[in-house]
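Biologist: I would like a close look at a single part of this model. Please take it step by step, in plain terms.

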Amino acid sequence: MTEERVWLVDRTYNDKGMIELVYATPDGERYLHKQLSEQMLMTKTVTAGLDADEDRLEPTDDENVERYGAEATRMSEDHALEDEV
């Protein structure tokens, strides 16, 4: 299995007590969506980036490619992969 490095580009809190994290490739073309409960977030660390299995990445819709790419690039320049954010 091949892994690809992705960077945190979006964090959203919803009204159901869930935190949605979006990690994207530096070009913004593909992303990984993770959903965690607030309780789970207390025991898990959210890092600036991670290495994800390529088969878990989804294609980014056209309206978000540029934004995800810019944010992933900024995160990769400003943070180490394991930095807690």
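How many salt bridges does the structure hold, and which side chains meet in them?

Modeller: This is a predicted model, and the structure holds four salt bridges. I will go through three of the pairs, beginning with a pair between two strands and ending with a group in a helix. As general background, side chains of opposite charge can pair when their charged atoms come close.

Start with R5 and D51, whose side chains meet in a salt bridge at 2.9 Å, N to O. R5 lies in strand β1 and D51 in strand β4, so this pair ties together parts that are 46 residues apart in sequence. The cut-offs for partly exposed are 20% and 50% relative accessible area. R5 has a relative accessibility of 40%, so R5 counts as partly exposed. D51 counts as partly exposed too, because its relative accessibility is 34%.

The strands that carry this pair are also joined to each other. Strand β1 covers residues 3-13 and strand β4 covers residues 49-53; the two run antiparallel, with five bridges between them. Within this pairing, W7 stands opposite G49 of β4. Strand β1 has a further antiparallel partner in strand β2, residues 18-24, to which six bridges join it. Here R11 has L21 in β2 as its bridge partner. Four residues lie between β1 and β2, which form a hairpin, and in the turn G17 has a positive phi of about 75 degrees.

Now turn to helix α2, which spans residues 62-78 and includes both E71 and R74. The side chains of E71 and R74 meet in a salt bridge at 2.5 Å, N to O. These two residues are three apart, about one turn of the helix. R74 also forms a salt bridge with D78, where the closest N and O atoms are 3.3 Å apart. D78 and R74 are four residues apart in helix α2, so about one helical turn separates them. Together, E71, R74 and D78 are linked in a network of salt bridges.

The accessibility of these three can be read in the way used above. E71, at 23%, counts as partly exposed. R74 is at 37% and counts as partly exposed, and D78, at 48%, also counts as partly exposed.

To sum up, the R5 and D51 pair links strand β1 to strand β4, while E71, R74 and D78 form a salt-bridge network.

Key:
Residues numbered from 1 in each chain as written. Predicted model: local features only at pLDDT ≥ 70, side-chain atom pairs only at ≥ 80, totals over all residues. Heavy atoms only, no water. Pairing = 2+ DSSP bridges. Buried < 20%, exposed > 50% of the residue type's maximum accessible area, 1.4 Å probe, protein only.
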